[in-house]
Amino acid sequence: MAQLLDRMLAFGNMTEAWEETRGAGQAPGVDHESVRRFQRHWESELQDLISEVRANRYKPRPLRIVYIPKKSGGRRRLGIPTVRDRVLQRAALQVLEPRLDRKFLSCSYGYRPKRSLYHAVAAILHYRQRKLCWVLDADIDNFFDSLDQLLLQKLIQKEVHDPQMLRLLQLWLEAGVVNAHEGKGVSQGMPISPLLSNLYLHELDWQLVRNRWALVRYADDFIVLTYSRAEAERCQGIVAGILADMKLRFQEEKTRITSFDEGFEFLGVAFDKDSYTYLWQEKRVRVHGNQGPLWSMWDYFPHGYE
């Protein structure tokens with residue numbers, strides 16, 4: 001099998017990465033180069049990138065830091081790479097994602113091929129039908145900014161054995177670090193960040209699923225469904241311990257024990273007794289009973305995860 005770096009730098013893969021980057025748009029990085037400007041000489045730009053990486057001359061530019069408002073209040077920190085760095089990260093993602101996604105469990109729905117909030121809602125309804133009506137509604141405190149880079153590097157090294165690819169990932173982690181003094185954080189806004197976040201949180205998935213807890217996770221938002229309040233409370237203590245081992249913690253004010261009778265919201269979908277509602281094209285859609293998620297939810301993205 002060809003080395004990962006060779007597959008990543010194949011011109012066809014790089015071209016596909018450029019097309020994805022162009023389609024996604026996004027603001028320029030610190031060099032002020034726009035997607036439109038890059039497009040004028042995209043073929044030579046890709047060739048230059050390939051040559052730089054092969055000669056070990058490539059070094060990512062610093063991220064341009066911007067803040068966007070959160071729906072729940074406060075601001076979300078984004079690190080915007082340059083267009084050329086986004087293209088290269090996308091090329092790496094296209095090679096790494098199929099390799100890592102085979103490892104991930106079925107309880108994980110965010111940022112994965114052919115998976116979406118639609119499937120997460122279907123899972124929640126399935127558990128409701130099985131009478132798992134109590135819910136640990138969990139929120140990780142400042143996940144992306146708190147993620148421990150040393151632990152993440154160890155997880156990456158278990159899965160990626162190409163030293164040149166590891167070097168690139170290390171460079172991007174260094175560029176995207178949020179708290180350099182403590183070695184914490186991976187900036188949202190980098191194409192590679194969602195995959196790395198799923199790799200990091202796979203440990204949480206594995207620990208819960210092997211102990212038969214009903215977990216539904218979308219990126220760093222998750223719920224655990226149980227038969228009783230006592231079970232949910234016990235689960236909360238177990239999850240707190242797992243997160244502590246991962247150098248994470250609950251955001252206390254947003255983590256609670258609730259139920260379908262009391263109602264709860266998961267990524268913009270509000271569950272209440274035997275129904276659930278969500279906004280679609282500025283209209284509130286309500287679905288009753290055991291009817292599965294509507295097709296309009298197939299392309300529904302939670303706020304802040306677009």
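**Figure 1. Open sheet of strands 7, 8, 9 and 10 in the predicted model.** Four strands make up this open sheet, ordered 7-8-9-10 and paired in the antiparallel sense. Strand 7 (264–266) and strand 10 (283–288) are the edge strands, each pairing on one side only. Disregarding direction, neighbouring strands of this sheet are turned against each other by 25° on average. Three bridges connect strand 7 with strand 8 (residues 269–272), and this pairing is antiparallel. Glu-265 is placed opposite Ala-270 of strand 8. Helix 6 (residues 117–129) packs on the sheet, where it touches strand 7, strand 8 and strand 9 (275–280). The direction of helix 6 makes about 10° with that of strand 8.

**Figure 2. Salt bridge between Asp-272 and Lys-273.** The closest N and O atoms of Asp-272 and Lys-273 are 3.9 Å apart. Asp-272 has a relative accessible area of 34% and is therefore partly exposed. Lys-273 also counts as partly exposed, because its relative accessibility is 48%. The structure holds 11 salt bridges, and further examples are shown in Figures 4 and 5.

**Figure 3. Open sheet of strands 4, 5, 3 and 6.** The strand order in this four-stranded open sheet is 4-5-3-6, and the pairing is antiparallel. Strand 4 (214–218) and strand 6 each have a single partner strand, so one side of each has no neighbour in the sheet. The average turn between neighbouring strands of this sheet is 25°, direction ignored. Strand 3 and strand 5 (residues 221–226) run antiparallel and are joined by six bridges. Asp-139 stands opposite Asp-221, a residue of strand 5. Two helices are shown with the sheet. Helix 6 lies across strand 4 and strand 5 and runs at about 160° to strand 4. Helix 10 likewise lies across strand 4 and strand 5, at about 170° to strand 4.

**Figure 4. Salt bridge between Asp-137 and Arg-256.** The side chains of Asp-137 and Arg-256 meet at 3.8 Å, N to O. This pair links distant parts of the chain, 119 residues apart: Asp-137 belongs to strand 3 (residues 134–139) and Arg-256 to strand 6 (residues 256–259). Asp-137 has a relative accessible area of 11% and is therefore buried. Arg-256, at 38%, is partly exposed. Side chains of opposite charge can pair when their charged atoms come close.

**Figure 5. Salt bridge between Arg-249 and Asp-141.** The N to O distance between the side chains of Arg-249 and Asp-141 is 3.1 Å. The two residues are 108 residues apart, and the pair links distant parts of the chain. Arg-249 is found in the loop between helix 11 (229–245) and strand 6, whereas Asp-141 is in the loop between strand 3 and helix 7 (143–146). Arg-249 counts as exposed because its relative accessibility is 58%. Asp-141, with 21% relative accessibility, counts as partly exposed.

**Figure 6. Crossing of helix 10 and helix 11.** The axes of the two helices, helix 10 and helix 11, come within 10 Å and cross at roughly 145°. Their crossing is right-handed. On the helix 10 side, Leu-204, Gln-207 and Leu-208 meet Val-239, Ile-242 and Leu-243 of helix 11. Classed by residue type, the contact of helix 10 with helix 11 has five nonpolar residues, one polar residue and no charged residues.

**Figure 7. Surroundings of Gln-188.** Gln-188 is located in the loop between helix 9 (163–176) and helix 10 (193–210). The relative accessible area of Gln-188 is 14%, so the residue is buried. When neighbours within four places in sequence are left aside, Gln-188 is in contact with Arg-76, Arg-77, Leu-78, Gly-79 and Phe-144.

**Figure 8. Tyr-111 and Ala-219.** Tyr-111 lies in the loop between helix 5 (83–101) and helix 6. Tyr-111 is partly exposed, because its relative accessible area is 27%. The C-alpha atoms of Tyr-111 and Ala-219 are separated by 7.0 Å, while the residues are 108 apart along the chain.

Terms used: Residues numbered from 1 in each chain as written. Predicted model: local features only at pLDDT ≥ 70, side-chain atom pairs only at ≥ 80, totals over all residues. Heavy atoms only, no water. Buried < 20%, exposed > 50% of the residue type's maximum accessible area, 1.4 Å probe, protein only. Contact = heavy atoms within 4.5 Å. Pairing = 2+ DSSP bridges. Axes fitted to C-alpha atoms, helices over the stretch in contact; angles between N-to-C directions. Left-handed = near helix turned anticlockwise from the far one by under 90°. Nonpolar A, V, L, I, M, F, W, Y, C, P; charged D, E, K, R; others polar.
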